[in-house]
Amino acid sequence: MFFRPILFVLSLCTSLAATCAIAAAPAAEELRLQRERFPLVWETARHGPPDAWRKMAVGLERYPLYPYLELAGLQKQLAQLQQGVVAEFLAKWAESLPAQSLRDAFLQELARRGDWKNFLEFYTD
């Protein structure tokens with residue numbers, strides 16, 4: 001009698017573990033495919049025509065390094081960037097290293113332009 005609840009719990013745990021393993025397999029495969037595609041898209045973002053990388057990046061939106069693709073594309077256009085584009089990126093990726101990198105680069109660009117009003121808006125301690 002005592003063993004029946006234990007057997008039930010053990011069979012439940014086994015079923016749960018099997019379900020998790022089956023669910024993890026597609027996620028691992030998706031991550032592997034994203035990892036394979038990322039370097040080509042990143043090089044396109046850094047060196048290709050503006051926004052050409054976006055077409056190639058479809059399906060990478062949930063990849064952990066995706067913000068770096070956007071950062072590379074924006075850094076290439078730094079001299080022409082408008083404040084709204086930068087503010088949108090900073091809001092979307094707040095508290096991330098790519099956001100801090102773009103903020104620092106944009107502050108240097110604003111200083112080069114002599115745009116002190118916007119410099120003060122983007123400056124944070």
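**Exercise 1. Decide whether Phe119 is buried or exposed, then describe its ring partner.**

Step 1. Phe119 has a relative accessible area of 19%. Buried means under 20% relative accessible area, exposed means over 50%, and partly exposed lies in between (1.4 Å probe, protein chains only). Phe119 is therefore buried.

Step 2. This is a predicted model, in which local features need pLDDT of at least 70 and side-chain atom pairs count only at pLDDT 80 or more, while totals for chains, interfaces and linings use all residues. Residues are numbered from 1 along each chain as its sequence is written, and side-chain values use heavy atoms, with hydrogens and water left out.

Step 3. Now look for aromatic pairs. Rings of Phe, Tyr and Trp (its six-membered ring) pair if their centres lie within 6.5 Å; planes under 30 degrees apart count as stacked, over 60 as edge-to-face and the rest as tilted. The whole structure holds six such pairs. In one of them, Phe119 and Tyr123 are stacked, at 6.0 Å centre to centre with 15 degrees between the planes.

Step 4. Check the partner too: Tyr123 is partly exposed, because its relative accessible area is 45%.

**Exercise 2. Find out which residues Leu107 touches beyond its sequence neighbours.**

Step 1. Place the residue: Leu107 lies in helix H5. Helices (H or I, at least four residues) and strands (E, at least two) are DSSP runs, numbered from the N terminus.

Step 2. With a relative accessible area of 10%, Leu107 is buried.

Step 3. Contact means heavy atoms within 4.5 Å. Setting aside neighbours within four places in sequence, Leu107 is in contact with Phe119, Phe122 and Tyr123.

Step 4. Try a distance as well. Leu107 and Phe122 are 15 residues apart along the chain, and their C-alpha atoms are separated by 7.0 Å.

**Exercise 3. Compare the expected span of H5 with the distance in the model, then look at its ends and its buried residues.**

Step 1. The expected span of a helix is 1.5 Å times one less than its number of residues. H5 has 17 residues, so it should span 24 Å; its end C-alpha atoms are 24 Å apart, which agrees.

Step 2. At the N-terminal end, Ser96 is the cap of H5, with a side-chain oxygen 3.2 Å from the backbone nitrogen of Ala99. After H5 comes Gly114, whose phi is positive, near 75 degrees.

Step 3. The buried residues of H5 include Pro98, Leu102, Phe106 and Leu110. A helix rule helps here: an α-helix has 3.6 residues a turn, so residues three or four places apart point the same way.

Step 4. The cover over the buried residues of H5 includes H3, H4 and H6.

**Exercise 4. Work out which elements build the largest nonpolar core.**

Step 1. A nonpolar core is a set of buried Ala, Val, Leu, Ile, Met, Phe, Trp, Tyr and Cys residues joined through side-chain atoms within 4.5 Å. The largest one has 26 residues, and Leu69, Phe89 and Leu102 touch the most other members.

Step 2. Two or more residues each come from helix H1 (3-47), helix H3 (66-76), helix H4 (83-92), helix H5 (97-113) and helix H6 (116-122). H5 gives the largest share, six residues.

Step 3. Zoom in on Leu69. Apart from neighbours within four places in sequence, Leu69 is in contact with Phe38, Val41, Trp42, Ala45, Trp53, Ala57 and Leu60.

Step 4. Follow one of these contacts to Ala45, which is in helix H1. Ala45 counts as buried because its relative accessibility is 0%. Ala45 and Glu70 are 25 residues apart in sequence, yet 7.5 Å apart in space, C-alpha to C-alpha.

**Exercise 5. Which loop residues other than glycine have a positive phi, and how accessible are they?**

Step 1. Asp51 has a positive phi, near 65 degrees. Asp51 lies in the loop between H1 and helix H2 (52-56), and at 40% relative accessibility Asp51 counts as partly exposed.

Step 2. Glu95 is not a glycine either, and its phi is positive at about 65 degrees. Glu95 is found in the loop between H4 and H5. Its relative accessible area is 84%, so Glu95 is exposed.

How values were computed
A polar contact is a pair of N or O atoms within 3.5 Å; within protein, one must be able to donate a hydrogen and the other to accept it, and residues adjacent in sequence count only if both atoms are side-chain atoms.
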